[in-house]
Structure formats: C-alpha cells, structure tokens
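Colleague: May we go through this model together, one question at a time?

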Amino acid sequence: MEQKNRSLILLLLAVLFTMSGLDVIAQSKPNIIILYADDLGYGDVGCYGASAVKTPNIDRLASNGVRFTDAHCTAATCTPSRVSLLTGTYAFRKKAAILPGDAPLLIQPGTPTLPSMLQQAGYATAVIGKWHLGLGNGIINWNGFIAPGPNEIGFDYSFIIPATTDRVPTVFVENGKVPNLDADDPIAVSYAAKIGDEPTGLSDPQLLKQRADTQHSNTITNGISRIGFMTGGKRARWIDEDIPLVLNAKAKDFITGHKNQPFFLYYPFPNIHVPRTPNRKFAGTTALGARGDVIAEMDWLVGEITQLLDSLGILKNTLIIFSSDNGPVLDDGYEDFAVKLNNGHRPAGIFRGGKYSAFEAGTRMPTITYWPGTIRPGVSAGLCSQVDLMASLAALTGQKLSAGAAPDSQNALDVWLGRSKQGRKYLFEESYTFSIRDARWKYIAPQQTSTPDWMKNKKIESGLAPVDQLYDLQHDPGEKYNVASQHPEIINTLKAELKKLTL
Ligand code: NG6
Ligand code: CA
C-alpha cells in the first residue's frame with residue numbers, strides 16, 4: 001500500500017513537472033502573428049480616433065493590449081518598410097524602392113530574416129497576403145516554378161499577391177506556383193511595353209468599374225486597369241472583391257493546421273491599398289465610400305483571426321502585432337471618391353503628411369500588441385520602430401542573432417510587450433529624404449529636389465525642402481513651425497546621429 005502511494009506521488013510529481021515544463025515552453029514560444037495593413041493611417045481606426053468607420057475588432061485588441069502612440073514603420077512607402085520589418089535592416093542599405101510586379105527578389109536567400117530566425121526557433125512559418133518584395137532572379141516565368149521567393153528566405157508556406165493589387169500579374173502565387181493556371185493560356189507580363197491585344201484602361205475605358213490615372217491604365221482584370229501589361233492566365237486571375245475571403249480561408253487553414261506547434265504567420269493585408277474594392281458584405285457600410293469600407297473589411301479579417309484563435313483555445317498563447325506599412329493616402333491613382341467622401345475624417349489623426357511624406361504621418365503607425373494573459377493592457381508613448389521586431393522577437397524566442405544579422409534591429413522586447421515605456425533614444429525615418437527623431441524633436445534633412453508634380457496634383461505633402469527642418473513635436477505635433485534657426489545645437493546632435501546611421 002505504502003509502495004503504491006509513493007508511486008502515485010512520484011507519478012503526480014512527474015506529471016506536474018512535465019506540465020510546468022510545457023508551460024515554460026508555451027511562454028517562450030508563443031505563436032506570433034503580424035497583421036500588417038497597407039497604407040492605413042494613424043487616424044484610420046476607432047481606437048486612434050476615427051468615428052466615420054467602426055473597427056470593433058481592432059479596438060478590442062487595443063483595449064486588451066498595448067496601444068502605441070509613437071510607433072513607426074521604417075519608411076513612408078511599402079517595399080522599404082517591408083524589407084526592414086523582415087530583415088531588421090534599413091531600406092536604404094538594400095536600395096529598396098517601390099517595386100514593379102516583375103522585379104527580382106530584394107532579399108537574397110541566405111540573408112537572416114525574421115521568418116528564418118523563427119524557423120530556427122522551431123516555428124512553422126507562413127506569409128499569406130501582399131508580398132511586394134520581388135520574386136525570382138530577373139526574368140520570371142510565371143508559368144513555371146517561381147523562385148527564389150518567400151519560401152527561399154524563411155517561409156515554409158506562402159500564398160501571396162506578388163506585388164500589390166494595382167500591379168500585374170493579377171494572380172496569386174502559392175509556394176512558387178500560380179494556382180489554377182491553364183497550360184493552354186500561359187501568362188506573360190511586361191512593364192516596359194504593351195504586349196498582346198488585351199484591353200487597357202486607355203483603349204477601353206467603358207470596361208472599367210473605377211477610372212484611373214495614366215500609370216494605372218494598363219491591362220484590365222475584373223474591370224480594373226493596372227500598372228503593367230499582362231496576357232493570359234485568365235482562369236487564374238483573382239476577383240478583387242473576393243481576395244479578403246480567399247486570404248482569410250488560407251490564414252485559417254494555416255492556423256488550424258498548426259495549432260499544436262508554435263507558428264509564425266505574417267499576414268500582410270491588401271487592405272487598404274488601391275484599388276479599393278470592398279466585398280459586397282462591406283460595400284456601402286461606411287460613410288467614407290470604398291476607402292472606409294475596406295477598413296471595415298480589414299477589421300472583420302482581424303476579428304476572424306482572433307475568434308479562430310479563441311475557438312482553438314490558443315488565443316492566450318499567441319502574440320498578435322497589428323500595424324501598417326506607411327501612412328495614409330486618399331488619391332493614389334483610382335477614382336474611388338475617397339477625397340470627395342472623406343467628410344472631415346482625419347486619416348493621419350493630428351499628424352501632418354501621409355504616404356510618401358517625410359512628415360510624421362508617413363511612418364507613425366497605428367500599432368497594437370496583444371497577448372492576453374501576458375501583456376498588461378495600456379497605452380505606450382515609447383518611441384518604437386518596426387525594424388526592432390526581429391531582434392525583439394529573437395529575444396522572446398531565445399534565439400541569438402548571428403553576426404551581421406539584422407544590423408539595425410535593437411532588442412526592444414520590453415517595450416513591445418508593454419513592460420517598459422522607455423522607447424528608442426533615436427528613431428530613423430525614410431521617405432524621399434531622411435529624418436531622425438528623438439522623443440521630442442524631429443529633424444528632416446534638406447533635399448534639393450522639391451515636391452514632384454504628381455504629389456502636388458494629388459495634394460500629397462512631401463515634407464521635402466531645400467533647408468534644414470526641425471519640429472518640436474511636444475508642442476507642435478502637426479509640424480507647422482520649422483524652428484531650425486532657433487536650435488542649432490539640437491540640429492547638430494540629430495545630424496550627427498543621422499550621419500552615424502547613414503555613413
Ligand atoms: C506608386 C503608385 C501608387 C502605389 C504606390 C505603391 C503611381 C502614380 N503611383 O508608384 O498607386 O501603387 O506606387 O504603394 O503609379 S505601396 O504602398 O506599395 O508603396
Ligand atoms: Ca503601402
């Protein structure tokens with residue numbers, strides 16, 4: 001009897017030990033999901049002040065997580081911000097600019113990346129959504145196996161929009177192959193000159209659902225003209241209004257299929273980039289027209305993911321990071337009435353500028369981290385950069401970054417998890433010039449080229465000027481008063497920091 005009792009106690013201890021061991025693993029290897037919006041501005045969601053569009057699901061993440069008020073993507077456009085997020089490297093070091101849809105892969109295989117680091121930590125990794133980091137080595141055969149791409153730089157699974165939805169080819173690529181491709185209708189793509197005889201926005205405007213500017217008036221798919229020319233692949237082409245549903249199903253499959261092991265899902269939404277084509281579930285649901293409707297649609301996508309995690313019982317073991325890749329823009333090439341219907345909505349909140357701009361709204365992003373049970377809800381004014389996510393998530397998962405990996409990434413895990421509000425001392429912003437911030441000041445480096453006409457025509461404030469610009473964000477968050485002449489010593493310090501970074 002005594003012997004039996006002792007065995008029972010030993011067994012119990014063993015079970016308890018194993019359980020606590022599992023607990024520790026569960027703590028250090030939470031699932032990680034990056035929900036990454038496209039062109040979403042600081043003021044575009046409810047918890048950052050929007051009232052013309054409701055975002056209950058994003059707001060719920062914020063009220064149960066950390067809502068950041070001074071968190072930044074690294075650049076005011078997409079490709080540069082994304083390359084920094086995935087490699088912990090500033091975009092200018094990668095010579096990253098907005099890529100056409102047939103550009104080669106910007107990240108060389110072998111480069112340490114956020115997903116490859118997490119693979120080493122034992123994570124299953126996936127990217128589902130907008131890519132825009134190039135594919136292949138130069139000339140892409142869209143009818144064959146397309147590589148290198150996401151799968152060669154750390155993603156086990158990929159289901160991507162190759163560039164953006166306003167660029168050809170208008171097909172998905174899943175693990176290097178275009179799904180549903182008909183061998184008798186091969187795809188050809190050209191950005192240089194027109195190919196084939198398919199209608200374009202210029203030749204057949206009567207086919208269009210939305211009129212577009214000249215750059216977006218090439219090949220038509222689904223009643224929408226794009227940047228670039230394409231022929232073939234008819235069966236494989238997406239229907240814009242259904243893209244969120246397709247991605248949602250893929251993301252849910254990936255999560256469900258990996259619910260028993262740590263996973264990393266990088267989920268870059270096509271919302272709210274142009275062309276703005278809400279699904280009929282969302283079309284007409286906001287007062288802001290298509291631009292508001294695709295925000296509501298994105299909020300639904302966020303809700304779908306959190307509800308699934310909850311129903312699978314893994315919500316408490318999942319860190320969700322929500323942010324955006326650059327600031328807002330109303331007119332970005334299509335006539336979707338975003339300007340006309342804006343009606344006092346402030347896409348950039350109290351900040352100046354937006355997408356493409358050196359002013360704050362170019363990179364200051366709505367940013368939320370959420371990990372119920374681990375992250376204590378709150379608001380953080382800590383200065384944060386997405387470039388730091390790679391080193392921070394390496395720290396979270398116990399990975400040591402190899403020498404030379406993620407050279408610009410600093411471990412700011414405590415800030416991301418809301419345990420510290422002490423953000424970066426200096427923060428670097430890229431646009432068509434360089435800017436540098438500290439907690440109070442912002443310096444914008446002079447640029448001889450003034451605002452280009454295409455920006456002026458679209459009422460985009462570039463923030464470019466041929467002189468030093470210094471703003472006191474503490475007293476002037478809207479960057480109205482250039483106080484450069486009053487504070488030469490601050491300019492000198494910030495210039496020196498900028499030089500250290502960019503030399
Ligand atoms: C610009 C496009 C714009 C958008 C942007 C990329 C023109 C005139 N404008 O060149 O419509 O596609 O590139 O946006 O062609 S981003 O969010 O992917 O950086
Ligand atoms: Ca973008």
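Colleague: Which residues in α5 meet α6?

Modeller: The model is predicted, so local features need pLDDT of at least 70, side-chain atom pairs count only at pLDDT 80 or more, and totals for chains, interfaces and linings use all residues. Residues are numbered from 1 along each chain as its sequence is written, chains are lettered from A and ligands numbered from 1 in the order written, and side-chain values use heavy atoms, without hydrogens and water. Helices are DSSP runs (H or I, at least four residues), numbered from the N terminus, and contact means heavy atoms within 4.5 Å. On the α6 side are Glu297, Trp300, Leu301, Glu304, Ile305, Leu308, Leu309 and Leu312, and they are met from α5 by Pro244, Leu245, Asn248, Ala251, Lys252, Ile255 and Thr256.

Colleague: Are α5 and α6 roughly parallel or roughly antiparallel to each other?

Modeller: Helix α5 (residues 243-257) and helix α6 (residues 290-312) pack at about 20°, their axes 11 Å apart. Axes are lines fitted to C-alpha atoms over the stretch in contact, with angles from 0 to 180 degrees between N-to-C directions. Angles under 35 degrees count as roughly parallel and those over 145 as roughly antiparallel. The two helices, α5 and α6, are therefore roughly parallel.

Colleague: How far apart are the centres of domain 1 and domain 2?

Modeller: An automatic or database assignment gives the domain bounds: domain 1 is 20-187 + 232-428, and domain 2 is 432-502. Taken over C-alpha atoms, the centres of domain 1 and domain 2 are separated by 27 Å.

Methods:
Parallel < 35°, antiparallel > 145°, perpendicular 65-115°, else oblique.
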